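Trainee: Could you take me through one part of this model up close, and then work outwards from there? I'd like to see how a single residue sits before we get to the bigger picture.

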Amino acid sequence: MAIEAAVTLRPPRLRWNAGIAIGGGIVVFLLLVAIFADWLAPHDPYAQSLVRRLRPPVWEPRGTWTHPLGTDPFGRDYLSRLIHGTRISIAVGAGAAAIGGLIGAVLGILAGFKGGYFDRVISFVISARLALPSLLIALAVLQVGGSGLAIVIAVLGFTHWDRFAVVLRTATQQVRRQDYVTRARAIGCSDLRIVTREVFPNVAGHFVVVFTFEVAQTIIAAAALSFLGLGIQAPEPSWGLMMAEGRNWMTTNPGLITIAGLALMITVLAVNLLGDGLRDMLTPEGRA
Amino acid sequence: MIRYLAQKLVEAILVCAFVSIATFALIHWTGDLAMSIGGTEASREETERIRRFYGLDRTLIAQYFDWAGRVLRGDFGNSFFSREAVLTMVAHRLPNTIALALASLTLALLIAIPLGVVAAVRRGTWVDRACLGVGVLGQAMPSYWSALLLILVFGVELQLLPISGTESWRSFVLPTAALGWFVMPLLMRLTRAGIIEALASDYIRTARAKGLPRRAVLFKHALRNAILPVVSIAMVQLGFLLGGSIVIESVFALDGIGLLAWSAIQRSDFPVIQAIVLLVAFLFVMLNFLSDTVNGLLDPRIRHG
C-alpha cells in the first residue's frame, strides 16, 4: 500500500505570502470571535421563543435588526448561535488535530527513526487505519459510547492521525540520514535526545502543515457528525447541527442552511489557505 | 514481479484480518451492546436476557472467532431488527452505491484532468490561479452542504431534478454532482503536479527537440506519464467513496449501503454495521492491491524498489 509522501527537506526559506496573510487574518478573526463570543453575541444563543420562530434575516422584506440573521425553528437568534458556534468548531478542530497529531507524530517519527521491524509494524497499522472507513467508525462509536463535545474530539482525533504518521515517517527517514544526526550519535547522545533535539525541530514544519490541514478536515467531519445527528448534541450551537435543524425549513428559510454552511466553508477555506501558505514557506518544494 | 505481488497480497490479507479485529473490538469495547439493543426502557432482567440470547455473555475472544468463522463462510448474521440476512440487505443496496461512486469518480476525472492539464500548461497565469481557486473552494465545501445547495437550486427553485430516491437515472444526477465535486479537487491538483513534473523532464525535452508538435508532446508523452499517479489515487478514492457516500446517500435518501449503515447505526443494528464496515474495508484493500499491481506492472522501479 502506498504510504509514501512527497517530502523534501530544505532549510526553511521564510517568505511572507498571500495565503498566510488572508488565511491567517481570517483565522485570527475567528479566534477573536470565539474568545469574545459572550460579548459579541446580541442575544442568548440558547434562549428559545415560540413567538419569534423562523424570523427572516434583515435583507428580506420582513427582516429586522433585532435579529440580523433571523431566528431558527426554536426562535433562537441565528447570529448569536453562529457566533457561539465558532467556539465549537475551533475547539473540535484544534482538539482533534492535537490528539491525531500526537498519535501520528509518535508513530511516524518512531517508524522513520527506528526503521526495520518498527517501521514494518507501524506501516502496517497505517495501512489498516486507512482501510477503515473513518466516518462510519466514528458514527458507530458515538452511537454506542454516547455523544458530546469531548467524545467527538476524541473520536475524531483517533481517526485522523494517519496523515501525520505518513508525512512524519518520510520526513524523519530523510532527517535520519543527515550529518548532524550521525554526529549527535557519534558523541553518544541517546535516541530520545536525538529525536527531541535533532529530529523533531527539523520535521516540525511538516507537522505544522499537516496540523492546519487536519484542523480543516476535522471541522468538516465534526459538522458531518452533527448533521447526521450523532455528533455534538442539541441545544449546542454547532454549525452542523444548525444545518440539520434548519433542513426541514430550507425551502422557506434557505438562510438556515446557507449561512451556517458559508461560515463553515469560510473557516475551512481560511485554515486551508493558511496551511498552503505555511507549506510554501516552510517546505518550498512541497507545492503541488 | 511474482514476489512483489505475493508480498502485497500477504500484506492485504493481514490488513483485512486486522481490520476485522478492530471492527469487532471497537463496537464491543465502546459500550454495552446488550444495553444498546434493549434501549433505555429495558429492565435489568431484560438486558440480561438479551445478553444471553445474542451470546454476549461469552468471552470476547470466543465471540470474535465465532463471528469471524461465520463471516468467512459468507454468513454475516441477521439484522437485529428485520431479522433479514445481512448479506441480502447489503447485496441488495450495493449496486446503488457502486453506481453512485463510479459515476461521481467519472465526473470528477472528466473535470479534473482537463482542468489540471490546462492549469499546468498555463502555469502561473490567471487560468492556473482560477483552476487552483476552484480546487481550494471545492475542498472547503462540506459535501452535505453542496448537496443541500444543489437541492435548493435544481430541486426546489428550478424543479428540474428529483431530490431523493433511486427510481430513475435522474435521481442519481444531483448525488453524483455533489460527490464528484467533493473528490475533484484532489485529482485536479495531482494531474497539475504530474504534468508540471513531466514537462520539466528530459524525455519531454527530447520529444520537443526532435520537432514533435506541441499537442503530441503534451498528450502522447506528458499526459501519459502524469496520469499514472492520478489513476492509482482515483482507485483509492473509489474505496473512500464507497465508505464516504454515507452523508450524500442520507441527504438524498438514496438507498445504498451508506444509507443502510446510517439507519443501522441509529438502531444499534450491529450485525449490519459490522458487515458494512468490513465490506468497505475489504473493497478498499482490494482496490489498493489492484492499484499496487497496476503500478508494479507499469513501473519496474516500484516492483524492484
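Mentor: Sure, let's start with Ile151(A): it has 17 C-beta neighbours inside 10 Å, so it counts as partly exposed. Being buried would take 20 or more. Keep in mind as we go that this is a predicted model. Ile151(A) is found in helix α6 of chain A, which covers residues 149–159. If you skip the neighbours within four places in sequence, Ile151(A) is in contact with Leu142(A), Gly145(A) and Gly146(A). For a reference point further off along the chain, take Ala96(A): 55 residues separate it from Ile151(A) in sequence, and their C-alpha atoms are 10.0 Å apart.

Now step along to helix α7 of chain A, residues 162–176. Its 15 residues reach 21 Å from the first C-alpha to the last, close to the 21 Å expected at 1.5 Å a residue. How much of α7(A) is buried? The count is 12 of its 15 residues, so α7(A) is largely enclosed by the rest of the structure. The buried set includes Phe164(A), Val166(A), Val167(A) and Leu168(A), but also Asp162(A), Arg163(A) and Arg169(A). As for what does the covering, α3 (78–114), α4 (116–131), α8 (179–186) and α9 (191–227) of chain A are among the elements over those buried residues.

Helix α11 of chain A, residues 255–282, can be checked in a similar way. Its 28 residues should span 40 Å at 1.5 Å a residue, and the end C-alpha atoms are 39 Å apart, which agrees. α11(A) is mostly covered too, with 21 of its 28 residues buried.

There's one backbone detail in this chain to pick out. The peptide bond joining Ala234(A) and Pro235(A) is cis, with omega about 5°. Pro235(A) lies in the loop between α9 and α10 (239–246) of chain A.

Zooming out, chain A comes to 11 helices and 0 strands. Its C-alpha atoms fill a box of roughly 75 × 45 × 30 Å along the principal axes. Of its 288 residues, 51% count as buried. Take the contacts in chain A with a separation of 6 or more: residues 24 or more positions apart account for 74% of them.

Chain B has 14 helices and 0 strands, and its C-alpha trace spans about 85 × 60 × 30 Å along the principal axes. Buried residues make up 41% of its 305 residues. Among contacts in chain B with a separation of 6 or more, 72% come from residues 24 or more positions apart.

So much for the chains one by one; what about where they meet? On the chain B side, 41 residues are in contact with 33 residues of chain A. Several helices of chain B each supply at least two residues to that side, including α1 (2–29), α8 (170–199), α10 (214–244) and α13 (270–298). The largest share, 9 residues, comes from α13(B). By class, the side of chain B that touches chain A has 29 nonpolar, 9 polar and 3 charged residues.

Inside chain B, have a look at how α5 (residues 86–121) packs against α8(B): their axes come within 5 Å and cross at roughly 35°. The crossing is right-handed. The contact of α5(B) with α8(B) has 24 nonpolar, 5 polar and 1 charged residues.

That leads to the largest nonpolar core, which has 162 residues; Leu187(B) and Ile276(B) touch the most other members. The element giving the most to this core is α9(A), with 17 residues. Leaving aside neighbours within four places in sequence, Leu187(B) is in contact with Ala108(B), Leu109(B), Ala112(B), Val230(B), Ile233(B) and Ala234(B).

Last stop, two loop residues with positive phi. Arg83(B) has phi near 65° and is not a glycine; its place is in the loop between α4 (60–72) and α5 of chain B. With 7 C-beta neighbours inside 10 Å, Arg83(B) counts as exposed. Ala253(B), also not a glycine, has a positive phi of about 50° and is found in the loop between α11 and α12 of chain B. Ala253(B) has 13 C-beta neighbours inside 10 Å, so it counts as partly exposed.

Technical notes:
Residues numbered from 1 in each chain as written. Chains lettered and ligands numbered in written order. Predicted model: local features only at pLDDT ≥ 70, side-chain atom pairs only at ≥ 80, totals over all residues. Contact = placed C-beta atoms within 7 Å. Helix = DSSP H or I, 4+ residues; strand = E, 2+ residues; numbered from the N terminus. Nonpolar A, V, L, I, M, F, W, Y, C, P; charged D, E, K, R; others polar. Axes fitted to C-alpha atoms, helices over the stretch in contact; angles between N-to-C directions. Left-handed = near helix turned anticlockwise from the far one by under 90°. Expected span 1.5 Å × (residues − 1). Core = buried A, V, L, I, M, F, W, Y, C linked by C-beta atoms within 7 Å.
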